Amino acid sequence: MSDILHRVGIIASPKDVYDALTTIDGLAGWWTEDTTGDVDGVIAFRFATAGGDGFDMLVLEKTPGELVRWEVVAGPEEWIGTHVSFQLSQTDDYTIILFKQEGWREQVEFMYHCSTKWATFLMSLKHYVETGKGEPAPNDVQVSNWH
């Protein structure tokens, strides 16, 4: 099994970061504008550049100001069954996010792409929380012909 790992610091309170990870408006502000669902159940994330395809995440755990954890229950085969987590902690003026998408069965080329895209979306999250304006899909950084 393989994991995607990132560490990002956001100049904001853990509560503000947590709110951006646990509300539909927050998620739509930094990941994809086409975000719907139940923040205590299954959240659907869709991407116009992928023909409307995307991911459904089952919310497994939410600890205010500390942790958000999802399981991918629908989407590309490589993603199904993986777990996505955002672990939050406060250091100085920063909320540190330790991001993980764990449980990839193998390190396929799509995993490399997704790692880069997660990095761009985590920077979008940083901008969203710090300035009020993120770069969610469809306005995200295009990193390759896979977008």
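Helices here are DSSP runs of H or I with at least four residues, numbered from the N terminus. By that rule H113 belongs to helix α3. The structure is a predicted model. This briefing covers helix α3, its crossing with α1, three residues and their surroundings, and two backbone features.

**Helix α3**

- Helix α3 takes in residues 109-131, which is 23 residues.
- At 1.5 Å a residue the helix should span 33 Å, and its end C-alpha atoms are 33 Å apart, so the expected and modelled spans agree.
- The buried residues of α3 are M111, H113, C114, K117, W118, T120, F121, L122, S124, L125, K126 and V129.
- An α-helix has 3.6 residues a turn, so residues three or four places apart point the same way.
- The cover over the buried residues of α3 includes two helices, α1 (14-22) and α2 (24-30), and the strands β1 (2-11), β6 (83-91) and β7 (94-104).
- G132 follows α3 and has a positive phi, near 90 degrees.

**Crossing of α1 and α3**

- Two packed helices are described by the angle between their axes and the distance between the axes.
- For α1 and α3, the axes come within 10 Å and the crossing angle is roughly 120 degrees.
- The two helices are therefore oblique to each other, because an angle of 65 to 115 degrees would count as roughly perpendicular and one over 145 as roughly antiparallel.
- The crossing of α1 and α3 is right-handed.
- On the α1 side the contact is made by D16, V17, A20 and L21, and on the α3 side by L125, Y128 and V129.
- By class, this contact has 6 nonpolar residues, 1 charged residue and no polar ones.
- Of the α3 residues in this contact, L125 and V129 are also listed among the buried residues of the helix.

**H113, in helix α3**

- H113 has a relative accessible area of 12%, and because buried means under 20%, H113 counts as buried.
- Leaving out residues up to four places away in sequence, H113 touches V143, S144, W146 and H147.

**W31, in the loop after α2**

- W31 sits in the loop between α2 and β2 (34-37).
- Its relative accessible area is 2%, so W31 is buried.
- Beyond its neighbours within four places in sequence, W31 is in contact with F45, F47, F55, M57, W70, W79, W118, F121, P136 and A137.
- Among these contacts, W118 and F121 are buried residues of α3.
- W31 and P14 are 17 residues apart along the chain, and their C-alpha atoms are separated by 18 Å.

**D3, in strand β1**

- D3 is placed in strand β1.
- Its relative accessibility is 37%, so D3 counts as partly exposed.
- Not counting residues up to four places away in sequence, D3 touches K100, Q101, E102, G103 and M111.
- One of these, M111, is a buried residue of α3.
- D3 and E106 are 103 residues apart along the chain, while their C-alpha atoms are separated by 9.3 Å.

**Backbone features**

- Most residues other than glycine have a negative phi, and most peptide bonds are trans.
- D92 is not a glycine, yet its phi is positive, about 55 degrees.
- D92 lies in the loop between β6 and β7, and at 70% relative accessibility D92 counts as exposed.
- The peptide bond joining A137 and P138 is cis, with omega about 15 degrees.
- P138 is found in the segment after α3, and A137 is one of the residues in contact with W31.

Notes: Residues are numbered from 1 along each chain as its sequence is written. This is a predicted model: local features need pLDDT of at least 70, side-chain atom pairs count only at pLDDT 80 or more; totals for chains, interfaces and linings use all residues. Side-chain values use heavy atoms; hydrogens and water are left out. The expected span of a helix is 1.5 Å times one less than its number of residues. Buried means under 20% relative accessible area, exposed over 50%, partly exposed in between (1.4 Å probe, protein chains only). Contact means heavy atoms within 4.5 Å. Axes are lines fitted to C-alpha atoms, for helices over the stretch in contact, and angles run from 0 to 180 degrees between N-to-C directions. Angles under 35 degrees count as roughly parallel, over 145 as roughly antiparallel, 65 to 115 as roughly perpendicular and the rest as oblique. A crossing is left-handed if the near helix is turned anticlockwise from the far one by less than a right angle, and right-handed if clockwise. Ala, Val, Leu, Ile, Met, Phe, Trp, Tyr, Cys and Pro count as nonpolar, Asp, Glu, Lys and Arg as charged, and the others, Gly among them, as polar.
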